[in-house]
Amino acid sequence: MRKPLVMGNWKLNGTKESVTALVNALVEPANNAANVEVAVCAPAIFIGLVEQLANGSALQYGSEDCDVHNSGAFTGENSPVMIKEFGCKYAIVGHSERRAYHNETNEVVAAKFQAAQNADLVPVLCIGESLEQFEAGQTADVCKTQLKAVIDLCGIESFEKAVIAYEPIWAIGTGKTATPEIAQNVHSQIRAYLASFNADVAAKVQILYGGSCNAKTAPELFKQPDIDGGLVGGASLKPADFSAIIEAAK
Ligand code: PEP
């Protein structure tokens, strides 16, 4: 039985004040339940603050990215070991915004996935197709190629300690959520592809949906058998909306 996970991705947003308000809301008992895990991925500069505020609560947290190196002359980067030191459980790798704006290839993303695991972080591997690829019927192939880069470098067993987030790029920040049918279809294809390497790993791995997931769309999405929660951008910045999404996952 896979436990649902609802994870916020704050992207480049927040102030000390808004982060404090958000985390204080998320550690409230109403947002905690034994049958759902809640996590937030924060800009690196706020992770220390999240650590202090989440201390002793069930709220998990992570980084939005990580470097492949643990230290060295890599100005501006955040290493997996540093991220771990601040109590993070997760590191998002391969978000489409990183792939698009920082030219991260499948191979770079796989190296980040490996570096995160080497530091005892759980990588949240983002995969998904562009609108053009969606319209050309290439969704499954794109997702498989993105997964294969990680399988080639880290092995299928690496997904025993990882999370996958299927995020169609055309749905991210656009208000166009994939329908539950479209999302379930892709999630089941992702699971079937993993099962072709190892059925046990495929059955256990959490596959989150991301892309304009909100209080309205989450309930139907989360009812789908292969959707194990959500990676939530915009709606994770509003405590009431994020709480409603958590409620849908319970
Ligand atoms: C994301 O950035 O991972 C995301 C899913 O964003 P949004 O929910 O805003 O579409």
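**A tour of the barrel and its ligand**

Student: Which strand does Gln206 lie in?
Tutor: Good place to start, and keep in mind that this is a predicted model. The strand that holds Gln206 covers residues 206-210. That makes its home strand β7.

Student: Is Gln206 buried or exposed?
Tutor: Its contacts beyond four places in sequence include Arg2, Lys3, Pro4, Leu5 and Asp228. Two more residues that Gln206 touches are Val163 and Ile164. Its relative accessible area is 14%, and buried means under 20%, so Gln206 counts as buried.

Student: How many strands close into the barrel?
Tutor: Let's follow the order, which is β1-β2-β3-β4-β5-β6-β7-β8, with parallel pairing. From one strand to the next, the twist averages 25°. The number of strands in the closed barrel is eight.

Student: Which residue in β3 stands opposite Ala39?
Tutor: Strand β2 spans residues 37-42 and strand β3 spans residues 60-63. The two run parallel and are joined by four bridges. Opposite Ala39 stands Gln60.

Student: At about what angle does helix α11 run to β1?
Tutor: Helix α11 is made of residues 239-249. This helix lies across β1 (5-9), β2 and β8 (229-232). Relative to β1, helix α11 runs at about 160°.

Student: Which residue in β7 stands opposite Ala165?
Tutor: Ala165 belongs to strand β6 (residues 163-166), where Ala165 and Val163 are buried on one side and Ile164 and Tyr166 are buried on the other. On the β5 side (residues 122-127), β6 pairs in the parallel sense over four bridges, with Val124 opposite Val163. Four bridges also join β6 to β7, again running parallel. The partner of Ala165 there is Leu208.

Student: Which side chain makes a polar contact with the side chain of Asn9?
Tutor: Asn9 sits in strand β1 and is buried, at a relative accessible area of 5%. Its side chain reaches the backbone nitrogen of Lys11 at 3.2 Å. Residues that Asn9 touches include Cys41, Glu64, Ile92 and Ser236. The side-chain partner, at 3.4 Å, is His95.

Student: How many residues surround the ligand?
Tutor: The closest ones are Lys11, Glu167, Gly173, Ser212 and Gly233. Gly233 is also one of the residues that Asn9 touches. Around the ligand, the full count of residues is 14.

Student: How much of the ligand's accessible area does the protein cover?
Tutor: Begin with the polar atoms: ligand oxygens are 2.7 Å from an N or O atom in the side chain of Lys11 and 2.9 Å from one in the side chain of His95. For the side chain of Glu167, the distance from a ligand oxygen to an N or O atom is 2.6 Å. On its own, the ligand has 300 Å² of accessible area, and the share covered by the protein is 95%.

Student: What distance separates the C-alpha atoms of Glu181 and Ser130?
Tutor: Glu181 lies in helix α8, which runs over residues 180-195. Its relative accessible area is 56%, and exposed means over 50%, so Glu181 is exposed. Along the chain, Glu181 and Ser130 are 51 residues apart. The separation of their C-alpha atoms is 18 Å.

Note on methods: Residues numbered from 1 in each chain as written. Predicted model: local features only at pLDDT ≥ 70, side-chain atom pairs only at ≥ 80, totals over all residues. Heavy atoms only, no water. Pairing = 2+ DSSP bridges. Axes fitted to C-alpha atoms, helices over the stretch in contact; angles between N-to-C directions. Contact = heavy atoms within 4.5 Å. Buried < 20%, exposed > 50% of the residue type's maximum accessible area, 1.4 Å probe, protein only. Polar contact = N/O pair within 3.5 Å; in protein donor to acceptor, adjacent residues only side chain to side chain. Near = heavy atom within 4 Å. Areas by Shrake-Rupley, 256 points an atom, 1.4 Å probe, with all protein chains shown as cover.
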